[in-house]
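Colleague: I am new to this structure and would be grateful for a guided explanation of the terms applied to it. Please show it first.

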Amino acid sequence: MTDTYKIQVTELVFGLSSALDLVSHSLVNHHRQVFGFAVKIAEAFSLCEEQQRDVGIAALLHDIGVVAFDYCSAEPQFSDAAYNEHAELGYRLIREFPPFLAAADVVRHHHASWRGWDDGLSIGDYGARLGGSIVSLADRVAQKIDPGGCVLTQSDDIRSWITDDCRGLFMPEVVEAFLQESEKEYFWLDSRFASFTQLGVRSALSDANLLLDLPGLQELSALFGKIIDYRSRHTAAHSRSVARLCEALGRLAGLSASDCSRLHVAGNLHDLGKLALPPSILDKPGGLDATERKAVKSHPYHTYRILKDIEGLGEIPAWASFHHEYGDGSGYPFRLTDAEIPFGAKIVAVADNLAALTEHRPYRSGLPRDACLGLMQGRAQDKKLDSELVWLAGRHYDELYDLTVTAQREALQEYDAILQRSLPVSRA
C-alpha cells in the first residue's frame, strides 16, 4: 500500500456523519436529511464546486458541537443561545482539519438569524452567510418532519411555516429557493428514502476527492478522536494516548514507519463506535450491570461498520475494530480466533489497555506501574492480550507512560481551550 490515500469526500464525511447519528434517536438520519435538503437548495445558486462541497460538508457535520461535547444528550430543545453555542463549538472542532476550514465557517453560522446580521453581527463573508442560511433552513425543515407520517402530506404545512412563522431567520433568497425546489415531490421523498450515495450524485461531493498522505490521514483521524473523546473530560485524552502508544509499540515490534503511522490512525479511530453509548455508561462511577456491559460490546461493531466502507483505508478498519477480540475466541463482537486477529489489532488492544489502566476514570484512579502490568500480564496468560506485546510494554513502560502523560496534558489543554467561556452566546 502506498503512503498516499485517495479518499472520496462523500465516503469520508458520510462516515463521520453516520457516527454522529449514533448518539441519539433524535439524530438518526437527521444529518442525511439536512444534507439532502441543503444540496438541493444550493443548486439554485451560482456556487462553484468548492462552495457546493463546503455547504454539503457543513450540512453533514452541522451538529458536531452537540455530539462531541454531549451538549444536550437527550432530545434537545435548544434556545437561541444554545443553538449558537453548539455551532461555535462545532466550528472550533472542525476548523482544525484544513480541508474543512470553509465548511467550519458555515457550521459556525448555521444558527445565526438573518435579521441579526443587520444589527452588527459579524459572521464572515457572503459565502458563509449564504451557506449558513441554507444549512439552517434545511435543519429546521428536517426537524419539522414527523417521521411517523407521510412526508408529502406534511410538505404544505412546512412550507407555510417557513414563510409565515420563520420570517427573518433566513436569507430571503434562500427562502425563495426552498419554496421553488420544495414544490417538487422528490425534494421531500428523497429525505425519507434516498441513500447518502443517491443524494450525493446531485452535489459536488460526488466527484470531489481528498488526497491525503499519512500525516494528513493522522490529522483527519485526530479530528475523529476528539469527537469521540470530548463527550467527557475523563476521556478527553484517551484516543490520543492510544494512538501514540500504538505507533510506539509498532516501532518497538519492528514494524515499518508507514505501518506505525497507520497504527497511529487506528488508535485515533478505535473507539468511534462509543458514540452509540450514553454518557451514563461512559461516566458511571461504579461497575456496569449486565445490560450496560452488553451495550458496551456493540461499540467495536459500530466502529467497523462505519470505517469499512471508506475506500482507501486498507487494514486500518480491522486494526481499529478488532481490539476486543481475544486469542481464545471469547472476545467481541466477531468472536475471532488468534489466527484471525491481525497483528495491528493486537497492538491496538495492548495500547488501549495500557492507556485505560493508567488514566483516571470516574470509578477509579489511574493504576501504578506494578498493578497495571500485573493486570496486563494476567490478561496475556488468559489469551486476552498478546504476550509478546505485553512483555514489550513492560520492558519500555516508562517511555510509554511518558507518552500517555504528554497526550493527556495536551488534550486537556485543547479541550479547555475549545470550551473557553468566550463563546458568542452564553449557555442557556
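Colleague: Why is Arg-369 called partly exposed?

Modeller: Buried means under 20% relative accessible area, exposed means over 50%, and partly exposed lies in between (1.4 Å probe, protein chains only). Arg-369 has a relative accessible area of 35%, so it counts as partly exposed. Please note that this is a predicted model, in which local features need pLDDT of at least 70 and side-chain atom pairs count only at pLDDT 80 or more, while totals for chains, interfaces and linings use all residues. Residues are numbered from 1 along each chain as its sequence is written, and side-chain values use heavy atoms, with hydrogens and water left out.

Colleague: What makes Asp-398 and Arg-369 a salt bridge?

Modeller: A salt bridge requires a side-chain nitrogen of Lys or Arg within 4 Å of a carboxyl oxygen of Asp or Glu. The closest N and O atoms of Asp-398 and Arg-369 are 3.2 Å apart, so the pair meets that definition. The two belong to distant parts of the chain, 29 residues apart: Asp-398 is in helix H22 (residues 397–418) and Arg-369 in helix H20. Helices here are DSSP runs (H or I, at least four residues), numbered from the N terminus.

Colleague: How many salt bridges are there by this rule?

Modeller: The count comes to 16. Where partners are shared, salt bridges join Lys-226, Arg-240, Arg-244, Glu-410 and Glu-414 into one network.

Colleague: Which helix holds both Asp-259 and Arg-262, and why is Arg-262 called buried?

Modeller: Both lie in helix H14 (residues 257–269), three residues apart, which is about one turn of the helix. They form a salt bridge, with the closest N and O atoms at 3.2 Å. Arg-262 has 3% relative accessibility, and therefore counts as buried. Its partner Asp-259, at 22%, counts as partly exposed.

Colleague: What is the exposure of the partners in the salt bridge of Arg-95 and Glu-96?

Modeller: The side chains of Arg-95 and Glu-96 meet at 3.5 Å, N to O. Arg-95 is partly exposed at 34% relative accessibility, and Glu-96 is partly exposed at 42%.

Colleague: Why is Glu-359 called buried, and what joins its side chain to that of His-238?

Modeller: The relative accessible area of Glu-359 is 4%, so this residue is buried. Glu-359 is placed in the loop between helix H19 (343–358) and helix H20 (369–381). A polar contact of 3.1 Å joins the side chains of Glu-359 and His-238. The term denotes a pair of N or O atoms within 3.5 Å; within protein, one must be able to donate a hydrogen and the other to accept it, and residues adjacent in sequence count only if both atoms are side-chain atoms.

Colleague: How do you know that Phe-193 is exposed?

Modeller: Phe-193 has a relative accessible area of 63%, and therefore it is classed as exposed. This residue lies in helix H10 (residues 185–193).

Colleague: Which helix contains Val-39, and is Val-39 buried or exposed?

Modeller: Val-39 is found in helix H2 (residues 30–42). With a relative accessible area of 5%, Val-39 is buried. The C-alpha atoms of Val-39 and Val-135 are separated by 8.9 Å, although these residues are 96 residues apart along the chain.

Colleague: What makes Ser-330 partly exposed?

Modeller: Its relative accessibility is 33%, so Ser-330 counts as partly exposed. Ser-330 is in the loop between helix H18 (316–321) and H19. Its C-alpha atom is separated by 9.3 Å from that of Lys-383, 53 residues apart along the chain.
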